[in-house]
Structures are given as structure tokens and as C-alpha cells.
Amino acid sequence: MEQRTCKPISTRIYLVGCVVAVLLWNLASAQSRYSISEEVNEGTVVGNIAKDLGLDKSTLNDRKYRIVSSNADHLFHVNQNDGVLYVSQKIDREEVCAQSSTCVINLKTVLENPLEVHYVEVEVLDINDHSPIFPQKEKSLDIFESVLPGARFQLKPSRDPDSSHFSVQQYKLSQNDHFRLEVKDKGEDGKIPILIVQKPLDRETAGSHSLVLTALDGGKPPKSGEMSILVTVLDINDNAPVFSKDVYSVMLDENAPVGATVIKVNATDLDDGPNGDVAYSFSNSMNQNILNLFDINPLTGDIIVKGLIDYEEKDRYEIEIEASDKGLPPLKTDNSVIIKIVDVNDNPPEIEVTSFSSSIPEDSRPGTTVALISVNDLDSGLNGKVICSIGEDVPFALTPSLKDKMYSLVTKSPLDREKKPNYELTIFAKDAGQPPLFSAMKINIVVSDVNDNRPEFSLSPYTFYVTEANDPGTSVFSVKAFDRDETDNALISYHILRDGSGDKVTSFLNINTESGDILALKSFDFETLKTFQFRVVATDSGIPSLSSNVTVNVCILDQNDNAPVILYPVSSNGSAEGVEEIPRNVNAGHLVTKVRAYDADIGYNGWLLFSLQEVTDHSLFGLDRYTGRIRTLRSFTETDEAEHKLVILVKDNGNVSLSATATVIVKVVEPKEAFAAADVKSATNDEEDNNVTFYLMITLGSVSTLFLISIIVLIAMQCSKSTEYTSKYLQETNYDGTLCHSIQYRSGDKRYMLVGPRMSVGSTIVPGSHANTLMLPDRRTPGEVRHI
């Protein structure tokens, strides 16, 4: 086998030269050359590529070391475990390389991760496994007796499929007195045997001569082939045709049309009549391939194109022609026509993707290799010079490799799968011919996802409205986040952020980790909790995972779940009943007593109305439906009864009203008795009033605070808006972050202000809830509504 070595001059120069050679070899993407003989057995070792190139054998299998892009890759295979190159089948050199002087098979090997290309050349050495063969076993020649010594008769050469020195090297002619043999070397066409007359022929002495022509190749021992030649001696015609030129030469463009004239040859014969008529033909030694491409007109001597002329197959032809007269026997003269083929740009560039990564991560750095691309053009010169390019609006670039006509497709800028998940690249190749020829190839590159995007919530912050007394364990609202990544990188799970501070509200909340639905594990009570806040965290399933959080504001809406409570008369044994004594001589409008009540609900649900459910005499007593005050409607007469029973119904204003009743017994006494009773009751009333005052202070304090907030908001809205709205409930679009608003409205002949949670755009609204209600003095016309 042939190995690269450093030729020593001296020890120091030898070492330096070897080091430089190794460095330059590694830099240029290593190449090795081996030699084997043809017809070796299958499995014969060609060479250890890994050892010769200095490759790590332990990584060959993991990096998928293999042979790629070779027309002869079925002839060899490489062992991925040790890097040894083996013969896959018997190689017939004559089949692979025809009769080329040197038979070199180029193999391209590839390592992945990272990509490496190594070139291996295997020279197939010829062995002498064929014998020379003549196209004819017997040859007949007619020669006139008048032929002069030195007359030449070209014979068909013997052909040997072997190459170089194993092909035909010499001819031998059997021993005779009249003929000798001369051999003409035709280069690629081999050696041509020529039979030469060396002594005048005498038909009367010998009418024929039997000769044996032997062809010998250069083997040791040589192989041979024989052809029998029968020479018949004829009479007369002693002038042969003569060509006008010793050698004809012409230039011919490839792809010349069939029928085009290449050149016209001319020969003359001094004889008269048929002996001077000249006919043209190709020599018997012509190769069949040439006969398929050219033809000659036997009468005019025009050589014409018969088949497709391709410069890439052969750039020069030498045609042997003959001019023959029509004498008996005819005389022939041979000559050569040299045809040089001119290359035209008729082959477009060929693009081949040697190695290709169809998927590349979006976080790949600029300069990452995506594919190795080779280009080739069968034309020569400028016609075979190829320039390769891709579009400018893609984040990829082509960089030339150290190996001629090789390019690397690399990334030139960062990739983002969320903006563009794949690219369809068109690779253009253009040669330098005139006019230039183009070719293109499309490859599809998929950008694979990496976890580079955090989950994003659809709103930030969230504001939800939940009606109190919700069912425990049911979903009350939901948050939603999305992730622009894909697969596991976009799979989101949710959890509530619990900071460990002992927040009792979040401890009663749970969240569905997959859907984001938030469940309340207990019912909310507006009277104890009106608003609260917590945070939800969304985390994707990437490695490492990314997360984001959002603030959730929750407003509890009131329901009518509290019945009115009678403060006076004081309740006892489940019923409220009181006794009032008034003098008989009071006038109309006298305040008998005041029924006091409160409702834990707020707004509509806490707005109380008083009505007389039962009274003994409707003409004597009247009840203010808003204040609960009981007054006399007229003066008492002597006929009026001394004791009257009044049943008062206290009802809130919820959608489904809740109520309570109080009973007041009014006793009519004489004036003196009334004064005495008043002194006794004063002490008791003082104690009762103290309890009533305490509850009223709480209620009035809350209402007063809400009323002040409403007035401030009303002034701000009056300054910024001039439009009067007539809708009873109108959503405020410019939400400023507060959680309350107020609405003024009329009911009957009274005017009220509704104070309650304000709704923001996009918030979840739980219907069926009212807010706090305050009664305002009547300053507007009936039916007018004002929003604050």
C-alpha cells in the first residue's frame, strides 16, 4: 500500500518538514491514498483510515463514520469500530476504469458531531488477466504483383482490455522472405501493425502467402493472440491515390448538429479510368465509438457529424481515413484527420448536499454549520467555474470550504422559532460561461424550540366579583396564561403563591394546576370580608422551567342574607313587643314612639321600610315608612278605647325581601297617670337607649364614610363629565383602580344614593348583588337618575 512519508535530507529538516506537513494536512481536511490490485478477494483490507488520519477510534461509531457520495461506494466499506477500509466485492479494473492509464477511485468519508470530511483515494492496480484478441481470426489481403518494395498495408490491431504495460506491447510476424512488420504507436488507440512488402512479389512464382501475426502483451510471462493472414498476389494497377495534405486538422464545437460538415479531404490518382477513380472510407482500425460519431462521404470526401459530440467525454479525435481507387486490385492510401473539440457551456452546475441537519435549535450561535454542500460543473475553464449563493433575507450564509467547490451552510444571525419556525432555502449555483447556466436546490430547515419564553397572563391584574354565600368547593373564577413556546415548553401549570405569612383567605383557596380554575373551599361572607388579594404563579414544563405571576383582586358582592333586627322594642323570647303610655289629651302629630331596626346587609339589601301590619284603629295612628316613627293622626275622644295594639312589619329591599315584626301596645291614660309613668320609665329608657345608640353609631359611621367617598367621587365626575346618563346601571369605562362607586336614583317620591363595588372593564361580574344605599334629600325632579 502507498503511504505518505517525509523524505529525509537531514534529521532536523526531516522532523520540521514532517510537522509542517502534518499541520497543513489536518488544516486542509485530511486525505489518504492507498493502492490495491484488482480481483482481490472480498474483505481484503485496504488500509486503516482512522490510524492514518489520526482519528479517535472510540468515537467513530458514535459519530457515524461512513462513506458518502461516491459512485463506487458499493466497492468498499469502512468498519465504524476501528476505521479499517475493506473491499466489499471483487473489483474488475477494466470495468471500473476502462483502459485508463491510472485507475483512482475517490471516496468521501464523513464524521458527524461535529462534521468532518476526509477524502480517500484508492488506486486499483492492473494485473495481466486478459490476452490480446484480434478482431478477426483470419485476414485476406489482395496485393498486386507490381507493388514496389516498401508498400504498406495496415492491419487491424489486437485489443487487450488490460492497461499500461499489460496491454499489447509488440507484434511478431511469422518468418517469410517477402514481408516484414512495422508497428506504429497511436497513443490511446494502441499499437497498429503494418505489413510492409520488402521484396517484389511474383504472382507466377507464388500466387499467395500465408502469414501468422502474433500480438504479445507486457506480462511476465506475456500473453499472446494470433491472426492468420492470407496474401493474394494480384496484377496491374500500380498507382495509389495521393492526399492533398499529409495531415488534416480541424476545430469542431461540441454539440454540433448531426449532418454538419467537419472537413473535406481530397486525394488524386494518376491512373486513368476506374484505376483513377477515388473512393473515401474510414480505416479498418477505427474505434467503433468514433464510427458512431462521424461518417465520411465516399464520393466527395466530406467528413460529417453522425452523433452527439460531447467535449466532457473526449476533447480530441484522430480519424484514420483511406483513399482507394477502383482498379483491380484497388490501391489505397491512408491519412489522419485530427479533430479538436471546442468546449461550449452546455452543462449546468450540479448541487449535492453532502451532509444535512434538517432541524437546528433556535438558540444556536451564529456560525453553526447546518449542511455541507458540494457543487460541480462538467464543463471546463470558465464554463466549469461555479459560484454558489443563497438569498440575502435569511439568517443563513454560505462559506467556501478549503476543499474546492465545497461550501458550508452556516447560521449568520440568531434564530427565533416563535417568529419563524422553518425556512425553505433555495441554493443557487451559476457558472462563469457565456451565457451562464444556473441550477437551484431547495432544502427545508426546521427551527426547533427551546424554552425561552415565560408564560403570559391574559390580564394583569385580574379583578373578579364574587357573590357571597357561594357553594364551597366550586369554581368561582379562572385565570389563563399562554406560552409562545411549544410542546413541553408551552405546557403550563398553575399554583397560588403562599408566602407563609398565615393569610387565612388564601388557605381557603385552591387552584386546578392544569386549567387555572380557582375554587373556594368555603363560602364568603360580605359582612366579614369585602375584598382580598393574592397572587397566582404560572410555570411552564421546560428544562429549566420559566414562570410568571399575576395579582388577583377579589371583591365580595353582598346578598340579602340577613333579616332585619328589631332594636326597639327590645326583642324577648323571639318576639319584639313594647308598651307605650300616652296622655289622652295629646294633639294630632304627637310622637308615640319610634321603632328602631338595622340590617347587617348593605345597599338595597340593607334599606329598610316600615309598614303597619295590624292596627286597632287606622284613624288614630300613622307610621312613617322610612323612619319607623309612630304618631297620632288625631286627638283622642272619650269614645276611643284605652288600649291599642300596633303590629309593625320591618322589611328590607332585597330581591327576595326578609322581614321582622314588632308589636307596640299603646295605652291611653289620663294626664296625671301619664306623668307618673314617665318618671318610672325614664331610667329604663336611658339604659335601653344606650344599647340602641351603640348600634346606631356603628351603622351611621359606616354610612357616613361611604357617603363622603360618594360625594368626593361625584365632584370629580362632575368636573370631568358633562353628559347626563339616563341608564339605571351604567358601567364606568375609565376604571381608576378603586373598588367602589355610587349611583343616585329615585323611587316614588324619595331620592337615594347606591354605594357599592365599581366594575372594571374585563372583570367577572357575579349578578344578583346590590350595594350600600343612603337616602338623600329630594333636590331633583321625579324620575331623574344621576351616576357618580
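Reader: What makes D449 and R417 a salt bridge?

Author: In this predicted model, the closest N and O atoms of D449 and R417 are 3.0 Å apart. A salt bridge asks for a side-chain nitrogen of Lys or Arg within 4 Å of a carboxyl oxygen of Asp or Glu, so D449 and R417 qualify.

Reader: Which parts of the chain does this pair tie together?

Author: D449 sits in the loop between β31 (438–448) and β32 (456–457), while R417 belongs to the loop between β29 (406–411) and β30 (422–431), so the pair links parts that are 32 residues apart in sequence.

Reader: Why is D449 called buried?

Author: The relative accessibility of D449 is 14%. Buried means under 20%, so D449 meets the cut-off. Its partner R417 is buried too, with a relative accessible area of 9%.

Reader: How do you know that D617 and R634 form a salt bridge?

Author: Their side chains meet at 3.4 Å, N to O. That value is within 4 Å, so the pair counts as a salt bridge. D617 lies in the loop between β46 (608–615) and β47 (621–623) and R634 in the loop between β48 (629–632) and β49 (643–652), so this contact ties together parts that are 17 residues apart in sequence.

Reader: Are D617 and R634 buried, partly exposed or exposed?

Author: D617 has a relative accessible area of 21%, and R634 has a relative accessibility of 24%. Partly exposed lies between the 20% and 50% cut-offs, so both residues are called partly exposed.

Reader: What other salt bridge does R634 make, and with which residue?

Author: The side chain of R634 also meets that of D640, at 3.1 Å from N to O. D640 has 10% relative accessibility and so counts as buried. Elsewhere, salt bridges that share partners join K186, R316, E318 and E320 into one network. The structure holds 17 salt bridges.

Reader: What can you tell me about the second largest pocket?

Author: The second largest pocket has a volume of about 970 Å³. Its lining is made of 38 residues, and R152, F153, Q154, K332 and T333 lie nearest the centre.

Reader: Which strands supply at least two residues of that lining?

Author: They are β8 (138–144), β9 (152–154), β22 (316–325) and β23 (332–342). β8 gives the most, with six residues.

Reader: How do the lining residues divide by type?

Author: The lining of the second largest pocket has 15 nonpolar, twelve polar and eleven charged residues.

How values were computed: Residues numbered from 1 in each chain as written. Predicted model: local features only at pLDDT ≥ 70, side-chain atom pairs only at ≥ 80, totals over all residues. Heavy atoms only, no water. 1 Å grid on protein atoms, 1.4 Å probe; cavity = no way out; pocket = protein on both sides within 12 Å on 5 of 7 lines; lining within 4 Å. Points joined across faces, edges and corners; volume = space filled by probe spheres on them. Helix = DSSP H or I, 4+ residues; strand = E, 2+ residues; numbered from the N terminus. Nonpolar A, V, L, I, M, F, W, Y, C, P; charged D, E, K, R; others polar. Buried < 20%, exposed > 50% of the residue type's maximum accessible area, 1.4 Å probe, protein only.
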